[in-house]
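Visitor: Walk me through this model. I will keep asking how you know.

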Amino acid sequence: MEVERSVLIGTYARAPIVLASGKGCKLYDVEGREYLDMTSGIAVNALGHGDPDWVEAVSEQADILTHVSNVYYSIPQVELAKCLECSFADRIFFSNSGTEANEAAIKFGRKFQRFSHPDVKEPPVMPGVTFLEYISFSNSFHGRTMGALALTSKEHYGSPFEPVMPGVTFLEYGNIQTAKQVIQRGKTAAVFVEPIQGEGGIYSSTTEFLQSLRNACDDAGALLVFDEVGLLSAKLL
Ligand SMILES: Cc1ncc(COP(=O)(O)O)c(C=O)c1O
């Protein structure tokens, strides 16, 4: 732990445990103590540690082809996308983290609006933002880059790094009336919502709330982004 302090930048308050290995839902520290893994790497390791099928698949692929740049086609990427498209989406964008997925969604929001309003040549960005605004909710967490931080309601994540991306309005999570009033055509580029909030506490939204967001976004020509990164299923995908 002392050596780490001298070689790594301290961005996390770690528990004083040095983990060395894991098997299934068990973890072992350098002194051989056993722990039950209740965090799964913060909802990342949905299959546990050393899952034999996962190890076999990763080892097999590593032996065939390690990495290809996005400038080339790759068959496994397309095969995985085909598996996912029947579960929730028409088309897939792969990224390296939840934060990057949200950054991509921020960009998709703006690009979609510019595509939808080809007549508007030079949209003002701030103040008097035109169709480039985002809506997020109380208790939200969307990641730690400058765009994702701007969508994250808890101030302590973003305040040391301000100014973050402008043009984000925070609404009360679950308040249908306010959302309907604020989501507006010609103003709102995208609405970001966690169907079940994790970082802000375990708060589940209602079907009615999500459906009303869907309707309001459709009426306003805005994108609706479901951030399900905190859900184990989404991280597994
Ligand atoms: C809802 C939500 N969005 C985004 C993120 C950021 O994901 P990542 O840590 O993979 O960048 C998290 C992280 O837990 C999250 O819970």
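Visitor: Where does helix 9 lie, and how do you know its angle to strand 9?

Guide: Helix 9 (residues 207-220) lies across strand 4, strand 6 and strand 9. It runs at about 150° to strand 9. Axes are lines fitted to C-alpha atoms, for helices over the stretch in contact, and angles run from 0 to 180 degrees between N-to-C directions. Contact means heavy atoms within 4.5 Å. Helix 5 (residues 98-116) lies across strand 4, strand 6 and strand 9 too, at about 155° to strand 6.

Visitor: What kind of model is this, and how are residues numbered?

Guide: The model is predicted: local features need pLDDT of at least 70, side-chain atom pairs count only at pLDDT 80 or more, and totals for chains, interfaces and linings use all residues. Residues are numbered from 1 along each chain as its sequence is written, and side-chain values use heavy atoms, with hydrogens and water left out.

Visitor: How many helices and strands are there, and what makes a run count as one?

Guide: The protein has 10 helices and 9 strands. They are DSSP runs, numbered from the N terminus: H or I over at least four residues for a helix, E over at least two for a strand.

Visitor: What makes strand 4 and strand 6 a pair?

Guide: Strand 4 (residues 133-137) and strand 6 (residues 188-193) share 3 bridges, in the parallel sense. Pairing takes at least two DSSP bridges, so they qualify. Y134 stands opposite A190 in strand 6.

Visitor: Why do strand 5 and strand 9 count as edges?

Guide: Their sheet is open, with 4 strands in the order 5-4-6-9 and parallel pairing. Strand 5 (168-171) and strand 9 (223-226) each have a single partner strand, so one side of each lacks a neighbour in the sheet. The twist averages 20° from one strand to the next.

Visitor: What is the other way for strands to pair, and where is it found?

Guide: An open sheet of 3 strands has the order 1-2-3 and antiparallel pairing. Strand 1 and strand 3 are the edges, since each has a single partner strand. Neighbouring strands here are turned by 30° against each other on average, direction ignored. Strand 1 (residues 19-23) and strand 2 (residues 26-29) are joined by 4 bridges. L19 faces D29, and S21 has Y28 as its bridge partner. Their hairpin has 2 residues between the strands, and G24 takes a positive phi near 60°.

Visitor: Which residues have the most contacts inside the largest nonpolar core, and what makes it a core?

Guide: They are F137, I183, V191, V193, F209 and L213, in a core of 17 residues. Strand 4, helix 8 (176-182), strand 6 and helix 9 each supply at least two residues. Helix 9 gives the most, with 6 residues. Apart from it lies another core, of 11 residues, among them I106, M165, A189 and V225. A nonpolar core is a set of buried Ala, Val, Leu, Ile, Met, Phe, Trp, Tyr and Cys residues joined through side-chain atoms within 4.5 Å.

Visitor: What is F209 in contact with?

Guide: Leaving aside neighbours within four places in sequence, F209 is in contact with F137, Y173, G174, N175, I176 and V193.

Visitor: What makes S40 buried, M38 exposed and N139 partly exposed?

Guide: Buried means under 20% relative accessible area, exposed over 50%, partly exposed in between (1.4 Å probe, protein chains only). S40 is at 18%, so it is buried. M38 is at 71%, so it is exposed. N139 is at 29%, so it is partly exposed. Of the 237 residues, 30% count as buried.

Visitor: What is notable about the backbone of S40, N139 and P163?

Guide: Most residues other than glycine have a negative phi, and most peptide bonds are trans. S40, in helix 2, has a positive phi near 50°. N139, in the loop between strand 4 and helix 6 (146-150), has a positive phi of about 70°. A cis peptide bond joins E162 and P163, with omega about 5°.

Visitor: How many residues surround the ligand, and what makes a contact polar?

Guide: There are 12, each with a heavy atom within 4 Å. The closest are G98, T99, F141, E194 and D227. A polar contact with the ligand is a pair of N or O atoms within 3.5 Å. A polar side-chain atom of T99 lies 2.5 Å from a ligand oxygen atom. A backbone N or O atom of G98 lies 2.9 Å from an oxygen atom of the ligand. For F141, a backbone N or O atom lies 3.5 Å from a ligand nitrogen atom.

How values were computed. A polar contact is a pair of N or O atoms within 3.5 Å; within protein, one must be able to donate a hydrogen and the other to accept it, and residues adjacent in sequence count only if both atoms are side-chain atoms.
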